[in-house]
Amino acid sequence: MIDAALLLDKPVGITSNRALQQAKRLCGAKKAGHAGTLDPLASGLLVVLFGEATKFAGPLLEDDKEYLATVKLGERTATGDAEGEVLERRPVTVTAEAVRDVLYRFRGEIDQVPPMYSALKSGGRPLYELARKGETVVRQPRRVRIERLEAPRIALPEIDLDVRCSKGTYVRTLAEDIGAALGTGAHLSALRRTASGAFRIGDACTLEGLERMAPAERLRRLLPLPQLLDSLPRTQLDATEEARFRNGQALPSGAAAGGTVGVFGPGGHVIGLGRVEAGVLRPLRLTATQEAE
C-alpha cells in the first residue's frame, strides 16, 4: 500500500478525476483521492492523496488556495468562463486605474452567490445539470475571504489577477463580479492554481514528467503522511493512550486551544486526526493499524 501524497500539475483540458486516475496508475496506488478539484479549463496544483492519506482530505480542503487568473472584460458568458456561450458584449472604456480601484472592493470578507454551473446540489441534483437544461434556482450568498487580490498585468480588455482566497471561493464568480462593478461585464478566460496551503506549484510534477520517471523516482516524489499534517497542532500519545484512542476513547488534552489536531504515536507515526474540545481529545479519523506499525 502507498500512503502518501503527490503534488501534481494538472494540465488544461482534463478533469481532476482523470488526472487523479492517471497518477494513481503510474504510482501503483490502490486507493486515491484529492484535496480540492480543478475544472477542466483550469491547470495547476492538484494535491493527490493515496491510501491512508485520503483520510486527511478534510483539513487540506480547508486551506487557503492561490491562483493566477486571466479575466476578459467586455464579454459575459453563460458559464462565467471561456467555455460558455457569449451572452452579452459591451465596450471596454475603463482605465487601469479604475480597475485597481475596483479590486479594493473585493478584498477581505465578501459575499458570493455560487454559480449555476457548479457541482453544488439542489434537490439532490448538481446545479450544472439544471443549468444545462436552462433552469435556474435561487442560491444563497456565501461568505468567503479574499486575502490577496492584485493585478500584475492590465492589458485591457484582459486583466491578470493574483488571488489568495479561502475555501469555497469561486474565481469565476469573482471575475464576473469585478466585471459587473466596472460596468463592462467579464468572464474568466484562464485559471491556474499556484498553491494550496503550504504546498506550491513549483514542487509539483506533470503527468508527462511522471510518465517518464522510473518507479523508484516516482516514489521519491511522494510526501509522507506526517508532512500532510504540518499545518495542524500536534498531539503526541504513548502506546497505552494510542490503544485507548484507537478504541474510540476520549483522552484528556493539554492543548491550550480547541480544534482539529494531528495525533502521533510514540514512534512518530501518524495515528490520525483528533478534535480537542473543553480539554478533551476525541478521535476524528484514524489510520489503519498496520500503517502505524
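The paragraphs below lead through two groups of strands in this predicted model. Residues are numbered from 1 along each chain as its sequence is written, and side-chain values use heavy atoms, with hydrogens and water left out. Because the model is predicted, local features need pLDDT of at least 70 and side-chain atom pairs count only at pLDDT 80 or more, while totals for chains, interfaces and linings use all residues.

A good place to begin is strand E11, residues 158-165 (helices, H or I with at least four residues, and strands, E with at least two, are DSSP runs numbered from the N terminus). Strand E4, residues 65-73, pairs with E11 in the antiparallel sense over 8 bridges, where pairing requires that DSSP finds at least two bridges between two strands. Within this pair, tyrosine 67 stands opposite valine 163 in E11. Strand E10, residues 142-155, also pairs with E11 in the antiparallel sense, over 7 bridges; a hairpin joins E10 to E11 through 2 residues, and alanine 155 stands opposite glutamate 158 in E11.

Further along the chain, 5 strands form an open sheet of mixed pairing in the order E16-E18-E19-E20-E17. Strands E16 (234-236) and E17 (251-252) stand at its edges with a single partner strand each, so one side of each is left without a neighbour in the sheet. E16 runs parallel to strand E18, residues 259-264, and 3 bridges join them, with threonine 235 opposite valine 263 in E18.

Helix H9, residues 239-246, lies across E16, E17, E18, E19 (270-277) and E20 (280-286), running at about 75 degrees to E19. Here contact means heavy atoms within 4.5 Å, and axes are lines fitted to C-alpha atoms, for helices over the stretch in contact, with angles from 0 to 180 degrees between N-to-C directions.
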